[in-house]
Amino acid sequence: MLLEVIYAGGPRVSETVSLTWADVLPRDDRVQLSILGKGGKVRQVLIAEIVSRSLLASRGDAGTNDPVFESRKGGHLTKRAVNGMVKRAVRKAGINEAVSPHWLRHAHGSHAIDRGASLPEVQNTLGHGNISTTSGYLHARPTARAVSSSILGCFFDED
C-alpha cells in the first residue's frame with residue numbers, strides 16, 4: 001500500500017512515513033492527502049480512486065493521530081524501512097535496476113506529464129519549489145511503466 005501511495009501521489013518518502021490518518025481526507029470516491037513538505041509547506045494531493053479505496057480499507061480501527069504506515073513495533077515507519085521494502089520488491093520482481101522510493105516518485109511525475117498534466121500541476125503535486133526541477137521529468141522513459149507495474153505487482157502476489 002505504501003508503494004502504491006508513493007507512486008499514485010508522488011510524496012517524498014519522508015512525507016509518506018509521517019502521514020497520520022488526520023492527513024487522509026475522503027473526497028467523494030477518492031482520498032486527498034494533506035502532505036507536510038519541505039519548509040513546512042502543506043500541499044493537498046488527490047489519489048486515484050483504486051488506491052484511495054485500498055488505503056481507506058487498510059485503516060482498521062486506527063485513530064486519527066495514528067500513523068497511516070505503522071511499523072511492526074508501533075509508531076511511524078522509518079525511511080530506511082521503506083528503502084528496504086523497495087529493495088525486496090525489486091529483487092522479487094527480478095528487476096536489475098536502481099529502483100528506490102524516489103524513483104517511484106519520479107515515475108509519478110513523469111507519467112503524469114505523459115498523461116497530459118502541465119508542469120505547474122506536477123510541480124504542485126510533487127512540492128517542487130522551482131519549476132526547473134520539475135522540467136527534469138520531461139525526458140524519455142521507454143520502460144518506466146513496465147518496471148513500476150512489476151514492482152507494485154510483487155506486493156499483490158500471494159505466493
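Start with the whole chain: of its 159 residues, 42% count as buried. Keep in mind as you go that this is a predicted model. Switch on a surface, and you are looking at about 8,800 Å² of exposed area, 51% of it supplied by carbon and sulfur atoms. Back in cartoon view, the secondary structure comes to eight helices and three strands. Trace the chain along its sequence and the pattern reads α-α-β-β-β-α-α-α-α-α-α. Among contacts between residues at least 6 apart in sequence, 60% join residues at least 24 apart.

**The sheet**

Now select the three strands. They form an open sheet in the order E1-E2-E3, with antiparallel pairing. E1 and strand E3 (42-47) stand at the edges with a single partner strand each, so one side of each is left without a neighbour in the sheet. Look along the sheet for its twist, which averages 25° from one strand to the next.

Zoom in on strand E2 (residues 30-36) beside E3: six bridges join these two antiparallel strands. For a landmark, pick Leu36, which stands opposite Val42 in E3.

**The largest nonpolar core**

Next, show side chains and select Leu33, Leu55 and Phe69. Of the 30 residues in the largest nonpolar core, these three touch the most other members. The elements that give two or more residues to this core are helix H1 (2-9), H2, E2, E3, helix H3 (49-57), helix H4 (79-93) and helix H5 (101-114). Which of them gives the most to this core? Colour H1 to see the answer: H1 contributes five residues, the most to this core.

Stay with Phe69 and display its surroundings. Leaving aside neighbours within four places in sequence, Phe69 is in contact with Met1, Leu2, Val5, Thr16, Leu19, Leu55, Gly75, His76 and Leu77. Apart from the largest core lies another core, of five residues, among them Ala112, Ile113, Val122 and Leu126. As background, nonpolar side chains tend to be buried together in soluble globular proteins.

**A buried threonine in a loop**

Move to Thr20, in the loop between helix H2 (13-17) and strand E1 (24-27). Is Thr20 buried or exposed? Thr20 has a relative accessible area of 14%, and because buried means under 20%, Thr20 counts as buried. Select its contacts to see what surrounds it: not counting residues up to four places away in sequence, Thr20 touches Thr64, Asn65, Asp66, Pro67, Val68 and His76. His76 is also among the contacts of Phe69.

**Helix H6 and its buried side**

For the last stop, select helix H6 (residues 119-126), where you will find Gln123. Which residues of H6 are buried? They are Val122, Gln123 and Leu126. Look down the axis: these residues cover an arc of only 105° around it, which puts them on the same side of H6. Show E3, H5 and helix H7 (131-135) as well, since the buried residues of H6 pack against these elements.

Gln123 deserves its own close-up. Its relative accessible area is 14%, which makes Gln123 buried. Leaving aside its neighbours within four places in sequence, Gln123 is in contact with His128, Gly129, Asn130, Ile131 and Thr134.

Finally, step to Gly127, which follows H6 and has a positive phi, near 75°.

Note on methods
Residues numbered from 1 in each chain as written. Predicted model: local features only at pLDDT ≥ 70, side-chain atom pairs only at ≥ 80, totals over all residues. Heavy atoms only, no water. Helix = DSSP H or I, 4+ residues; strand = E, 2+ residues; numbered from the N terminus. Buried < 20%, exposed > 50% of the residue type's maximum accessible area, 1.4 Å probe, protein only. Contact = heavy atoms within 4.5 Å. Pairing = 2+ DSSP bridges. Axes fitted to C-alpha atoms, helices over the stretch in contact; angles between N-to-C directions. Core = buried A, V, L, I, M, F, W, Y, C linked by side-chain atoms within 4.5 Å. Areas by Shrake-Rupley, 256 points an atom, 1.4 Å probe, with all protein chains shown as cover. Arc of directions from axis to C-beta.
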